[in-house]
Amino acid sequence: MEFENIYRVESFLVNNNESEYVNVLLAFGWKLLAITQYKDEDNSYAKYVIGADKDTFEKFDVSFAKNKVESESTKEYGW
């Protein structure tokens, strides 16, 4: 996917356990655009930036990923 085809960009923090959402979206056609690391006096954290073309975004948006992760957690842990 070329950058000019990017329709939507989303970012997810590693510290918020959002990696699962990133993995789901990557599996359904989103592309990894960047991984950035930040550090200040007290904390360090990383952020994933992913993007999708319009067709991929309309089929598999962030709410799709959150629902899929929640559904898989329910199957695995029963809650």
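User: How many bridges join β2 and strand β3 (residues 44-52), and in which sense do they pair?

Analyst: Keep in mind that this is a predicted model. Strands β2 and β3 run antiparallel to each other where they pair. As for the count, the pairing of β2 with β3 extends over 8 bridges.

User: OK, and what is the bridge partner of I35 in β3?

Analyst: The strand to look at is β3, which covers residues 44-52. There, I35 has as its bridge partner Y48.

User: In what order do the 3 strands of the open sheet sit?

Analyst: The pairing in this open sheet is antiparallel. β1 (8-13) and β2 are at the edges with a single partner strand each, so each has one side without a neighbour in the sheet. That gives the order β1-β3-β2.

User: By what angle are neighbouring strands of this sheet turned against each other on average?

Analyst: We're still on the sheet with the order β1-β3-β2. Ignoring direction, its neighbouring strands are turned against each other by an average of 20°.

User: Zooming out, what pattern does the chain follow along the sequence?

Analyst: There are 3 helices and 3 strands to place. Reading along the sequence, you get β-α-β-β-α-α.

User: Is the pair of W30 and F57 edge-to-face or stacked?

Analyst: The ring centres of W30 and F57 lie 6.2 Å apart, which is inside the 6.5 Å cut-off for a pair. Their planes stand at 65°, and over 60 degrees is the edge-to-face range. So the W30 and F57 pair is edge-to-face.

User: How many residues apart are W30 and F57, and where does each sit?

Analyst: W30 is in the loop between α1 (19-27) and β2 (31-39). F57 belongs to helix α2 (residues 54-59). The pair therefore links distant parts of the chain, and the separation of W30 and F57 is 27 residues.

User: Are W30 and F57 buried or exposed? And which residues do ring pairs link into a cluster?

Analyst: On the first point, W30 and F57 are both buried; across the 79 residues of the chain, 22% count as buried. The aromatic pairs number 7. As for the cluster, ring pairs link Y7, W30 and F57.

User: Does L26 count as buried or partly exposed?

Analyst: L26 is found in helix α1. Together with L32 and I35, L26 forms a nonpolar surface patch with about 250 Å² of accessible area. The relative accessibility of L26 is 31%, and buried would need under 20%. So L26 counts as partly exposed.

Conventions:
Residues are numbered from 1 along each chain as its sequence is written. This is a predicted model: local features need pLDDT of at least 70, side-chain atom pairs count only at pLDDT 80 or more; totals for chains, interfaces and linings use all residues. Side-chain values use heavy atoms; hydrogens and water are left out. Rings of Phe, Tyr and Trp (its six-membered ring) pair if their centres lie within 6.5 Å; planes under 30 degrees apart count as stacked, over 60 as edge-to-face and the rest as tilted. Helices (H or I, at least four residues) and strands (E, at least two) are DSSP runs, numbered from the N terminus. Buried means under 20% relative accessible area, exposed over 50%, partly exposed in between (1.4 Å probe, protein chains only). Patches are made of residues with over 30% relative accessible area and no salt bridge: like charges are joined within 9 Å, nonpolar side chains (Val, Leu, Ile, Met, Phe, Trp, Tyr) within 5 Å. Accessible areas come from the Shrake-Rupley method with a 1.4 Å probe; for residues, only the protein chains shown count as cover. A salt bridge is a side-chain nitrogen of Lys or Arg within 4 Å of a carboxyl oxygen of Asp or Glu. Two strands pair if DSSP finds at least two bridges between them. Axes are lines fitted to C-alpha atoms, for helices over the stretch in contact, and angles run from 0 to 180 degrees between N-to-C directions.
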